[in-house]
Amino acid sequence: MKLTNREHDILDGKYGEGMAYALGIQIAVGNAFDADCFVPVTRAHVALSAQDADLWFVEKLLSKGAKCKIAPTVNPSINLKYLNDHLFEIPEEGKHIVSATNEAYRKIGAQLTFDCTPYLQQNVPAFGEVVAFSESSATPYVNSVLGARTNREGSNSALCAAVTGIVPHYGLLLDENRKAEIVVDVQADVKSDFDYQILGWCYPEKYRGLEIPIFRGIKSRPTPEGFMNFGAQLNTSGNVSMYHIEGITPEAPTYEAAVGDKKIKEHIVITEKDLQETKERLCGAPKKIDFAMFGCPHITIHQVATVAEICDGKKFKVPVWLLTSSLTKELAERMGYNAIIQRAGGHIVSDTCIDVPPCWQPYYHGVGVTDSPKCAYYNEIRDIEFIIRPLEESVQAALDGEVLK
Ligand code: F3S
């Protein structure tokens, strides 16, 4: 890679051992992807995981004196206090790793947002802005919906970018790599936020490649929640860091604009029958449930309002967990939604992920309901079975104590 004088100075340790170490890693990444140079970034999001490797890496940077030049937002882990008070006593080992991770990220200069949808409220890049975002729903949202530019960073490479303020220039940062090569003809009526969960799961089952798809035939603009669901499932069922929707996403005002000079490699058709078959395979049969979980990715205030409206004046038959950012929780408090949900017996918990062990141990080997295929998929390894239904039906199931249809 061609380095500037400043980048040589960083490597020589003029800006500290920590920044030199981070840049060394970024040069290795850049070389692996044939990057020619570095470019500045203005934002970063680190998908911290509160697990051993993540903690090891941030502590390694700290031991070399690293400090973030750009304060990155960070993913959720476990809200120890809330879950200790309302679910179970988190084992010592779990408490230690969460506290140590939080402390390490505080010291290195991250914003402790603990939220996996920063692109909706706390760290929102503008069109064309070059950023370094990790987290599966964040990368496609940033690239596809906002038209900003990020590669699919790992938590470690995003943290290196936050420390140095630059990223290797390759992949989705380049115009020519943002064009569509796969045409997806959607011959189905895709409208609701839940439809996007299913479409997002279905597409990678039909095509496994890494090329950028353009979805044609979608008639109305998805809501922010629809876009969020779509990206989360595309990147759980498959690996899609960017997509276009013809006439809707900003780099696809027309089919021609989205495809540019690229040759189309594959035409995929997705019909109502395909979506129905995905649903049948994925969503599970009606049965009694032990709990309900929403917020993978973190639930928005609009979704909180939907839950509050359905449960107002009623009682849940099983525990209900809504995972969200602390900002959304605060807003839910002000709007009176939190009080309604609490009176029904549910919980809004901030800063917490569905996938950080040992957080949800009391539900291991149990059955839950959720609106998120990602939540169901990640919890298979803990022997938690999830029935998947649209949000409204899932909330009703929590009131009934079972999924009835
Ligand atoms: Fe968010 Fe954790 Fe799900 S980071 S998207 S709640 S796996």
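**Note on helix 9, helix 10 and the neighbouring sheet**

1. The crossing of helix 9 with helix 10 is right-handed, and this is read from a predicted model. Two packed helices are described by the angle between their axes and the distance between those axes. Here the axes of helix 9 (residues 193-206) and helix 10 (residues 224-237) come within 7 Å and cross at roughly 25°. Since angles under 35 degrees count as roughly parallel, helix 9 and helix 10 are therefore roughly parallel to each other.

2. As for the residues that form this contact, helix 9 contributes Asp193, Tyr196, Gln197, Leu199, Gly200, Trp201, Tyr203, Pro204 and Glu205, while helix 10 contributes Glu225, Gly226, Asn229, Phe230, Gln233, Leu234, Thr236 and Ser237. Sorted by character, the residues of the contact between helix 9 and helix 10 comprise 7 nonpolar, 7 polar and 3 charged.

3. Turning to the strands, there is an open sheet of 4 strands in the order 8-7-6-9, and the pairing is parallel. Its edge strands are strand 8 (244-245) and strand 9 (266-271), each of which pairs on one side only.

4. Which strand pairs with strand 9, and over how many bridges? Strand 6 (residues 182-187) pairs with strand 9 in the parallel sense over 6 bridges, and Val186 stands opposite Ile270 in strand 9.

5. Helix 9 also links the two topics of this note, as helix 9 lies across strand 6, strand 7 (213-216) and strand 9, running at about 140° to strand 9.

Key:
Residues numbered from 1 in each chain as written. Predicted model: local features only at pLDDT ≥ 70, side-chain atom pairs only at ≥ 80, totals over all residues. Heavy atoms only, no water. Axes fitted to C-alpha atoms, helices over the stretch in contact; angles between N-to-C directions. Parallel < 35°, antiparallel > 145°, perpendicular 65-115°, else oblique. Left-handed = near helix turned anticlockwise from the far one by under 90°. Contact = heavy atoms within 4.5 Å. Nonpolar A, V, L, I, M, F, W, Y, C, P; charged D, E, K, R; others polar. Pairing = 2+ DSSP bridges.
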